[in-house]
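Visitor: Please take me through one part of this structure closely, starting with any salt bridges and then moving to the surroundings. I would like the cut-offs as you go.

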Amino acid sequence: MQLLMRALGFFIVIYLWRAVYAQSGDIAGFTYKELLTYFLVVEVFRHFMSHETFQDIQEDVREGRIASWLVLPLDSLYVYFSTNLSRNIVALLFYIVPVTILIVGTDYFVGPANVWYFLLMVGMGIIGLFTSMFLYTLFGSISFWTVETGSIIWAINFIISFFAGKMIPIQFLPEVVGRIINYSPLVVFFNLPASIYLGKYSYAEIGIQFAVQAGWMVVIYFILRWVWMKGLKKLELVGG
């Protein structure tokens, strides 16, 4: 059912942008087919976004279940990491087949620029997966100080989705804004993998982005580790 509902939303996007492109040959270097492919690739990588992790942490803190993880002889952070990874992998498997069929079997979408760009997209997607996991676990750590974080995370998630390129490519934004966002940790979630797939970056630019995004991933992990340890000291169980 989730797959069908997402497909319905995607068809709405197709008809919306068809009307926009009827007035223009291309926008910011994207043809109509490239833009549709961009959104299709984004739909795949959307499952790498780990926004459910903060809900897991919030509920575990509120209901006292987190105590079960804290008493085990393992790092409690890795409980959430493993849960998140398994959930994302299963969701991804459900989307890979229909997306591949759409790209190969229809004329609405385009294939990757070449094999190397495809492999680089996969590598960037892996960085995006771990960065997203660390970032949303960091947001979930807010539950140690305030049990109800739903509204906060909803607002943060909307902002992240926009500046990560989920709604429109970053290339569509004003140049100054685009340059700033282009080196933030947000573009690795959607815009970078999809743009690399379409060959919108040179190899040199991709190399720089790999270094930048890997750096952000490490920085966010250590911030998460520090906040998590502070939060455990602050933790007061209110249930369970």
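Guide: Happy to. A search of the whole structure turns up five salt bridges, a salt bridge being a side-chain nitrogen of Lys or Arg within 4 Å of a carboxyl oxygen of Asp or Glu. Please keep in mind that this is a predicted model, in which local features need pLDDT of at least 70 and side-chain atom pairs count only at pLDDT 80 or more, while totals for chains, interfaces and linings use all residues. Residues are numbered from 1 along each chain as its sequence is written, and side-chain values use heavy atoms, with hydrogens and water left out.

Let us begin with Lys200 and Glu34, whose closest N and O atoms are 2.9 Å apart in their salt bridge. Because Lys200 sits in the loop between helix 9 and helix 10 while Glu34 belongs to helix 2, this pair ties together parts 166 residues apart in sequence. Helices here are DSSP runs of H or I with at least four residues, numbered from the N terminus. Glu34 is buried, at a relative accessible area of 17%, whereas Lys200 is partly exposed at 28%; buried means under 20% relative accessible area, exposed over 50%, and partly exposed in between, with a 1.4 Å probe and protein chains only. Not counting residues up to four places away in sequence, Glu34 touches Gly29, Val110, Leu198 and Lys200, where contact means heavy atoms within 4.5 Å.

The helix that holds Glu34 deserves a look too. Of the 14 residues of helix 2, 13 are buried, so the rest of the structure largely encloses this helix. Its end C-alpha atoms are 20 Å apart, which agrees with the 20 Å expected at 1.5 Å a residue; the expected span is 1.5 Å times one less than the number of residues.

Two other salt bridges also join separate stretches of chain. Arg87 pairs with Asp56, the closest N and O atoms being 2.8 Å apart. This links helix 5, where Arg87 lies, to helix 3, where Asp56 lies, 31 residues apart. Arg87 is partly exposed, with a relative accessible area of 27%. Arg225 and Asp75 meet at 2.6 Å, N to O. Here Arg225 is in helix 10 and Asp75 in the loop between helix 4 (66-70) and helix 5, 150 residues apart. Asp75 is partly exposed at 26% relative accessibility.

Now to the nonpolar surroundings. The largest nonpolar core has 65 residues, and Phe134, Leu135, Ile160 and Phe189 have the most contacts inside it. Several helices each supply at least two residues of this core, including helix 2 (32-45), helix 3 (51-63), helix 5 (76-105) and helix 10 (203-234). Helix 6 gives the most, with eleven residues. Such a core is a set of buried Ala, Val, Leu, Ile, Met, Phe, Trp, Tyr and Cys residues joined through side-chain atoms within 4.5 Å.

Phe189 is placed in the loop between helix 8 (175-182) and helix 9, and is buried at 2% relative accessibility. Leaving aside neighbours within four places in sequence, Phe189 is in contact with eight residues' worth of partners listed as Phe45, Met49, Gly128, Thr131, Ser132, Leu135, Ile160 and Ala164.

Finally, a word on confidence. The chain averages a pLDDT of 83, and 94% of the residues score at least 70; pLDDT is the predictor's confidence in each residue, from 0 to 100. Among the elements of the chain, helix 1 has the lowest mean pLDDT (75) and helix 9 the highest (93).
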